[in-house]
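Trainee: Hi, have you got a few minutes to go through a structure with me?
Mentor: Sure, put it up and we'll talk it through.
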2 protein chains.
Amino acid sequence: MRYAVLGTGIVGRTVAAKLVSLGHEVVIGTRDPAATLARTEPGETGVGPYAVWQASHPDVALAPFAGAAAAAEVLVNATGGRVSLDALAAADAAHLEGKVLLDIANPLDFSHGFPPSLDPVNTDSLGERIQRTFPGLRVVKSLNTMNCAVMVDPSRVAGEHHVFVSGEDAEAKKTVRELLYSFGWPESSVLDLGGIESARGTEMLLPVWLRLMGTLGHTDFNFHIQGAGGGGAWGGH
Amino acid sequence: MRYAVLGTGIVGRTVAAKLVSLGHEVVIGTRDPAATLARTEPGETGVGPYAVWQASHPDVALAPFAGAAAAAEVLVNATGGRVSLDALAAADAAHLEGKVLLDIANPLDFSHGFPPSLDPVNTDSLGERIQRTFPGLRVVKSLNTMNCAVMVDPSRVAGEHHVFVSGEDAEAKKTVRELLYSFGWPESSVLDLGGIESARGTEMLLPVWLRLMGTLGHTDFNFHIQGAGGGGAWGGH
């Protein structure tokens, strides 16, 4: 499969590396590849410069948003949630038409410091906003409720835990489910919450997730809905 | 211990009945006891009239908010989150001074239908607002992230699951912890998230909780933070 991963931060890099390791073709999309490669300072998240990472991941291509999207069958939104709409606009709606977008982003607003608040929130969500703005996209919100290392290696967290899925398009959800299975998520771990409106609920998990990160002092944890049933498949994982 | 449970809905009744069964003295607080007892229509939550429940729970007293608070050592806020501040104002700040308030309420706003939104949310929470408005109270937010049947009987949900605690006062948290243990919560199930600001995070779990209720078709589920450590004590439960 040909994937475009939008966003050059730690989430985009982690997902891109995993997809390449599974044999997919991956292009990371960014606004200006030359500028991305020229950056030498560590980013906001404290990860190293992109060029250093790129050198050790020669199988991952880098392209402008539009070029990455044009070549892709499936897109992954791993941009900062506050710039996702701009990134998708730069990708060009014509290159998005009919495609599946796995939306991992959260609309975290750090403008007032830490902990961040969410915008949009409560009566809207980033997932819904993307779906409304780009009706040709088939948006599936998933994986946004955990650290990126756990996204691509759920076994980092011992025991059963869940990944939520929200979206309007059943076929698109099936595509995302297959991707999740290939990342190591057991079938019983995928909780389909219904339409894209339910992304409000999963994006609103971020404040307690951030607080738990501080309390526990690590990021290898995840939400498990005890009493949701299933779980047998995980035992065989 | 002498408890005042503010609120005559299903949450207040369930907690009051449990406290009485544990040997505590319990007064339920309401705005106007005569009006509460005269109501014959089922309430918003579909529970029966209060008077019918009261008849089968003769050990639970009913009093105006101020009378209930005056007699109590510990208060439980089980009012609707949108009227909690009014209820506490009616209880009279003089009767709240220095007392522990276990705040179970969520600021669910049903004015735009179902699912409800939250108000306050994101940059504030009901727990914080109560603490700010009544600085003499020692507010501990807890138990607000599950159905009331699970609050007082965690064994309804098989396996390990968590109850969060937020608040500024260590002694007040200890009082609430002891209460949780007496309800059947193992020590390892109590996750202290820190100050009352962390109530933002737990109140914001409500939208996904409500969505899960619809998806799963029942309310006997709860959040478990997989990877949070502990869990040994639950095995012996």
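Mentor: One convention before we count anything: helices are DSSP runs of H or I with at least four residues, and strands are E runs of at least two, numbered from the N terminus. Keep in mind, too, that this is a predicted model.
Trainee: Got it. How many helices and strands does chain A have?
Mentor: Chain A has 11 helices and 11 strands. Its radius of gyration is 17 Å, close to the 18 Å from the globule rule for 237 residues, so chain A is as compact as a globular protein of that length.
Trainee: And what box do its C-alpha atoms fill?
Mentor: Roughly 50 × 40 × 40 Å, taken along the principal axes.
Trainee: How much of chain A counts as buried?
Mentor: 47% of its 237 residues. As for contacts in chain A between residues at least 6 apart in sequence, 76% join residues at least 24 apart.
Trainee: Let's switch to chain B. Which residues of helix α6 are buried there?
Mentor: In α6 of chain B, residues 126–133, the buried ones are Leu126(B), Gly127(B), Glu128(B), Ile130(B) and Gln131(B).
Trainee: What do those pack against?
Mentor: Two helices of chain B, α5 (84–91) and α9 (199–203), along with the strands β5 (100–103), β8 (138–142) and β9 (163–167).
Trainee: Now the interface. How many residues does each chain put into the contact?
Mentor: Chain B gives 33 residues and chain A gives 33 residues. On the chain B side, β7 (117–118), β10 (190–194), α9, α10 (206–216) and β11 (222–226) each supply at least two.
Trainee: Which one gives the most?
Mentor: That's α10(B), with six residues. By class, the side of chain B that touches chain A has 15 nonpolar, 14 polar and four charged residues.
Trainee: Do tell me about the strands too: how many bridges join β11 of chain A to β11(B)?
Mentor: Five, and the two strands run antiparallel. To pick out one pair, Asn222(A) stands opposite Gln226(B).
Trainee: Last topic, symmetry. What turn lays chain B on chain A?
Mentor: A turn of 180° with a shift of 0.0 Å along the axis, giving an RMSD of 0.0 Å. That is the relation of a two-fold axis.
Trainee: Which C-alpha of chain B is nearest the axis?
Mentor: The one of His224(B), 2.5 Å from it. The same surface serves both copies, as 100% of the contact residues of chain B recur in chain A.
Trainee: Great, thanks for the tour!

Methods. Residues numbered from 1 in each chain as written. Chains lettered and ligands numbered in written order. Predicted model: local features only at pLDDT ≥ 70, side-chain atom pairs only at ≥ 80, totals over all residues. Rg over C-alpha atoms; globule rule 2.2 N^0.38 Å. Buried ≥ 20, exposed ≤ 12 C-beta atoms within 10 Å, placed from the backbone. Contact = placed C-beta atoms within 7 Å. Nonpolar A, V, L, I, M, F, W, Y, C, P; charged D, E, K, R; others polar. Pairing = 2+ DSSP bridges. Least-squares fit on C-alpha atoms with pLDDT ≥ 70 in both.
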